[in-house]
Amino acid sequence: MERQDLADAIEHFTLALEIDPRFAEAYNQRAIAQYLQEQFSQSIADCRRTIELMPCHFGAWAGLGHCHAHEGRLEKAAGMLS
């Protein structure tokens, strides 16, 4: 992701998840890369998986809200706070 090669980053995080499907941060980092590529539904799915594995993951909760807001679901985005 540092090189801004988001497709490559997604591929690497996917490979990491094939090795360890319980690696919460790999889901979160892949969600960030997907968000930056405007792949919001995929990013939402990975944010949700991150939260399933680590319910206190602030970044995943924030990412989920950002995705919903970006797609115009402001009530759902605001509901992420409650």
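**Exercise 1. Decide whether R30 is buried or exposed, and find its salt-bridge partner.**

Solution. R30 has a relative accessible area of 14%, and this makes R30 buried because buried means under 20% relative accessible area, exposed over 50%, and partly exposed in between (1.4 Å probe, protein chains only). The model is a predicted one, in which local features need pLDDT of at least 70 and side-chain atom pairs count only at pLDDT 80 or more, while totals for chains, interfaces and linings use all residues. Residues are numbered from 1 along each chain as its sequence is written, and side-chain values use heavy atoms, with hydrogens and water left out.

Next, look for the partner: the side chain of R30 meets that of D46 in a salt bridge, at 2.5 Å from N to O. This satisfies the definition, in which a side-chain nitrogen of Lys or Arg lies within 4 Å of a carboxyl oxygen of Asp or Glu. The pair links distant parts of the chain, since R30 sits in helix α2 and D46 in helix α3, 16 residues apart. D46 is buried as well, with a relative accessible area of 5%.

**Exercise 2. Locate the other salt bridges, given that the structure holds three.**

Solution. One of them joins E52 to R49, whose closest N and O atoms are 3.0 Å apart. Both residues belong to helix α3 and stand three residues apart, about one turn of the helix. The general rule is that an α-helix has 3.6 residues a turn, so residues three or four places apart point the same way. E52 is exposed at 57% relative accessible area, whereas R49 is partly exposed at 25%.

Another salt bridge joins E71 to R73, with 2.8 Å between the closest N and O atoms. E71 counts as partly exposed at 37% relative accessibility, and R73 counts as partly exposed at 33%.

**Exercise 3. Compare the span of α2 and of α3 with the expected span, and say what their buried residues pack against.**

Solution. Helices (H or I, at least four residues) and strands (E, at least two) are DSSP runs, numbered from the N terminus, and the expected span of a helix is 1.5 Å times one less than its number of residues. Helix α2 has 13 residues and reaches 19 Å from its first C-alpha to its last, close to the 18 Å expected. For the 14 residues of α3 (residues 40-53), the expected span is 20 Å, and the end C-alpha atoms are 20 Å apart, which agrees.

Turning to packing, where contact means heavy atoms within 4.5 Å, the buried residues of α2 pack against α1, α3 and α4; among them are A24, Y27 and A31. Those of α3, including I44, C47 and I51, pack against α2 (24-36) and α4 (58-70).

**Exercise 4. Describe the one aromatic pair of the structure.**

Solution. The partners are Y35 and F40, 5.5 Å centre to centre with 65 degrees between the planes, which is edge-to-face. Rings of Phe, Tyr and Trp (its six-membered ring) pair if their centres lie within 6.5 Å, and planes under 30 degrees apart count as stacked, over 60 as edge-to-face and the rest as tilted. Y35 is partly exposed, at 27% relative accessible area, while F40 counts as buried at 9%.

**Exercise 5. Where does E38 lie, and what is notable about its phi?**

Solution. E38 lies in the loop between α2 and α3, and its phi is near 60 degrees, a positive value in a residue other than glycine. Most residues other than glycine have a negative phi. E38 is exposed, with a relative accessible area of 56%.
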